[in-house]
Every structure is written in structure tokens, then in C-alpha cells.
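Visitor: Hi, I have a structure up on my screen and would like to talk it through. Could you walk me around it?

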Amino acid sequence: MKKIILNICILLGIVVAISSCKKDGYFVGGELHNPKINMTTYDWMKSNKYGVFDTVLMLIDKAGVKDKINAQGITFFAPTDYDVNNYVITRTLQIQKVDPKKMWTVDSIIKYELPRFADSIDIYIAKESLLNSVLTANGKKYKNAKGGEFFASYEETRDPELGYNPNSTQIPKIVMFTYLFKPVPDDIIVTTIAPPLGIRTLVQTSNAQTTTGVVHVLSNSHTLFYYR
């Protein structure tokens with residue numbers, strides 16, 4: 001019965017996420033119409049009218065890493081609250097294989113994992129300005145603040161859900177964040193990267209230029225810290 005309830009909660013979460021994406025024209029993929037934002041990265045995330053960063057910012061506050069995402073000149077590939085929820089669901093499913101009565105929650109992260117959170121947030125930070133204008137279709141390999149590697153690319157898409165219209169001569173472009181689990185050649189075709197080499201994640205809103213840096217918002221389907 002508990003597994004049935006959990007599955008229902010997961011489905012409801014997916015429905016809510018899809019509904020949010022459709023009702024909020026800001027979170028539908030692509031680039032901001034007005035990328036210049038007269039506030040810090042932290043304050044911009046906090047100002048989101050739908051509160052999609054509330055849990056992320058709470059964890060950032062409790063872990064004491066606000067200065068990391070507000071550092072001057074960085075690029076932050078920002079996870080959303082949905083990404084935290086995906087992490088909590090995945091952790092719960094794993095621990096219930098051992099003890100069906102146990103649950104993993106945001107409170108569990110706060111109680112047991114704040115040092116891990118403070119360290120792992122670095123995988124989403126590049127110590128340089130990665131505006132859409134400097135990104136290419138096949139991408140380039142960059143270093144994150146944790147010392148790992150990722151690709152960032154600015155690719156054409158023919159996905160109708162991301163704005164493609166076959167009747168239009170203009171093909172929409174999206175930013176993709178490709179996190180690497182293993183070393184890959186610099187000239188690899190980025191669209192071929194898949195587990196176990198890495199995971200490609202859609203940037204649902206890109207090129208936000210705050211007073212402190214650049215923000216690209218990751219898809220709501222992402223799982224925090226690529227936990228598997």
C-alpha cells in the first residue's frame with residue numbers, strides 16, 4: 001500500500017511540474033527576452049513569483065553557501081525545487097529496498113547532508129561567464145568549481161514542446177548542460193554523450209545576466225547532484 005501511495009505522489013509531482021511549466025511563460029525553455037537583471041543571482045532566484053527555488057535557497061542558506069552562487073563573474077546552472085524533489089524520491093525508493101518504512105525528506109538533507117550539499121553545489125558552478133553568445137552547437141568542455149568537467153552547448157531543437165514550428169524558417173535554440181561522469185575527448189559529439197559517460201540536461205531558461213553572474217536554470221526533470 002505504501003508503494004502505491006508513493007507512486008501516486010510521484011505521478012502527482014510530475015503533473016504539477018508539467019502544469020507549472022505550461023502556466024509560466026518564463027519556464028518554457030529558451031532565452032530570456034530581457035536578460036539584464038538588476039539584482040544578484042540569489043535575489044533573482046528568491047524573487048521568482050512561483051517560488052520554484054524556495055527549497056534550493058533554503059538549503060543554500062542552511063549550508064552557508066550563498067556567497068558561492070553570488071560570486072562575481074561565475075555561471076550558475078541552477079537546480080529547481082523539482083530537482084530537489086526528484087532527489088528525495090530517488091533516495092526514498094533506494095532506502096525502502098532495505099526498510100520499506102523509511103522515507104528520505106528535505107529535513108533528512110538538512111539533518112545529515114548539509115556538508116555534502118555545500119560541497120556538491122560546486123558541480124553547477126563555472127568560474128567564468130558562459131553567456132549564450134559564447135556557446136556553440138557542439139559545445140565546449142569546461143571545468144566546474146569542484147574540479148570536474150561538463151559541456152555547455154547552444155543547440156538547435158526541432159522539439160515542438162520547445163518552440164519548434166515546421167512552418168517557421170527560424171529554428172529555436174536551447175542550452176544543454178552535459179555533466180560528465182567519466183573523461184571524454186574534447187572533440188566528442190556532445191549529442192552522443194549518455195550514461196555511463198555523462199548525462200545531458202536541458203536548460204529550461206537561459207542567459208539570465210544578474211549583477212553578479214550568469215544563470216541557466218536546469219530542467220525540472222533533473223535530479224539534484226545527478227544522484228543515481
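Visitor: Let's start with strands. In which sense do β5 and β6 pair, and over how many bridges?
Guide: Happy to help, and do keep in mind that this is a predicted model. Strand β5 (residues 173-180) and β6 pair in the antiparallel sense, over six bridges. To find your place there, look for Val175, which stands opposite Val203 in β6.

Visitor: What is the strand order in the sheet?
Guide: The order is β2-β1-β7-β6-β5-β4-β3, seven strands in an open sheet with mixed pairing. At the edges are β2 (125-126) and β3 (140-143), each of which pairs on one side only.

Visitor: Mixed, okay. Which way do β1 and β7 run, parallel or antiparallel?
Guide: Parallel: strand β1 (residues 74-78) is joined to β7 by five bridges. Ala78 stands opposite Val217 in β7 there. On the β6 side, β7 runs antiparallel to β6, with four bridges joining them. In that pairing, Val203 stands opposite Leu218.

Visitor: And what joins β6 to β7 along the chain?
Guide: A hairpin, going through three residues.

Visitor: How many residues of β7 are buried?
Guide: Six of six, for strand β7 (residues 213-218).

Visitor: Let me stay there a second. What does the backbone oxygen of Leu218 lie 2.7 Å from?
Guide: A polar atom of the Gln204 side chain. Gln204 itself sits in strand β6 (residues 198-209).

Visitor: A glutamine, hm. Is Gln204 buried or exposed?
Guide: Buried, because its relative accessibility is 4% and the cut-off for buried is under 20%.

Visitor: Over to the β3 end now. How many bridges join β3 to β4?
Guide: Four, and the two strands run antiparallel. One marker is Lys141, whose bridge partner in β4 is Phe151. The hairpin of β3 and β4 has five residues between the strands, and in it Gly147 takes a positive phi near 100°.

Visitor: What about β4 on its β5 side, how many bridges there?
Guide: Seven, again in the antiparallel sense. Ser153 has Met176 in β5 as its bridge partner. As for cover, strand β4 (residues 149-156) has six of its eight residues buried.

Visitor: New topic: hydrophobic packing. Which residues touch the most other members of the largest nonpolar core?
Guide: Those are Met45, Phe76, Phe77, Phe117, Tyr124 and Phe177, in a core of 50 residues. There is also a second, separate core of six residues, which includes Phe151, Leu180, Val184 and Ile188.

Visitor: Take Phe77. What is Phe77 in contact with, leaving aside its neighbours within four places in sequence?
Guide: Tyr124, Leu130, Phe150, Ala152, Phe177, Val203, His216 and Leu218. You have met two of these already: Val203 and Leu218 stand opposite each other in the β6 and β7 pairing.

Visitor: Lots of aromatics in that list. Which residues form one aromatic cluster with Phe77?
Guide: Phe117, Tyr124, Tyr142, Phe150, Phe177 and Phe225 join Phe77 in that cluster.

Visitor: How many aromatic pairs does the model have?
Guide: The count comes to 13. One example is Trp44 with Phe53: the ring centres are 6.4 Å apart and the planes are at 45°, so the pair is tilted. Trp44 counts as buried at 9% relative accessibility, and Phe53 is buried too, with a relative accessible area of 1%.

Visitor: And why is the Tyr87 and Tyr227 pair called edge-to-face?
Guide: Because their planes are at 80°, and planes over 60 degrees apart count as edge-to-face. The ring centres are 5.3 Å apart. Tyr87 lies in helix α5 and Tyr227 in the segment after β7, so the pair ties together parts 140 residues apart in sequence. Both tyrosines, Tyr87 and Tyr227, are buried.

Visitor: Last stop, then, helix α5. How many of its residues are buried?
Guide: 11 of 15, which makes α5 mostly covered. Among them are Asp81, Tyr82, Asp83, Arg91 and Ile95.

Visitor: And how far apart are the end C-alpha atoms of α5?
Guide: They are 21 Å apart. At 1.5 Å a residue, the 15 residues of α5 (residues 81-95) should span 21 Å, so the two values agree.

How values were computed:
Residues numbered from 1 in each chain as written. Predicted model: local features only at pLDDT ≥ 70, side-chain atom pairs only at ≥ 80, totals over all residues. Heavy atoms only, no water. Expected span 1.5 Å × (residues − 1). Buried < 20%, exposed > 50% of the residue type's maximum accessible area, 1.4 Å probe, protein only. Polar contact = N/O pair within 3.5 Å; in protein donor to acceptor, adjacent residues only side chain to side chain. Pairing = 2+ DSSP bridges. Core = buried A, V, L, I, M, F, W, Y, C linked by side-chain atoms within 4.5 Å. Contact = heavy atoms within 4.5 Å. Phe/Tyr/Trp six-rings, centres within 6.5 Å; stacked < 30°, edge-to-face > 60°.
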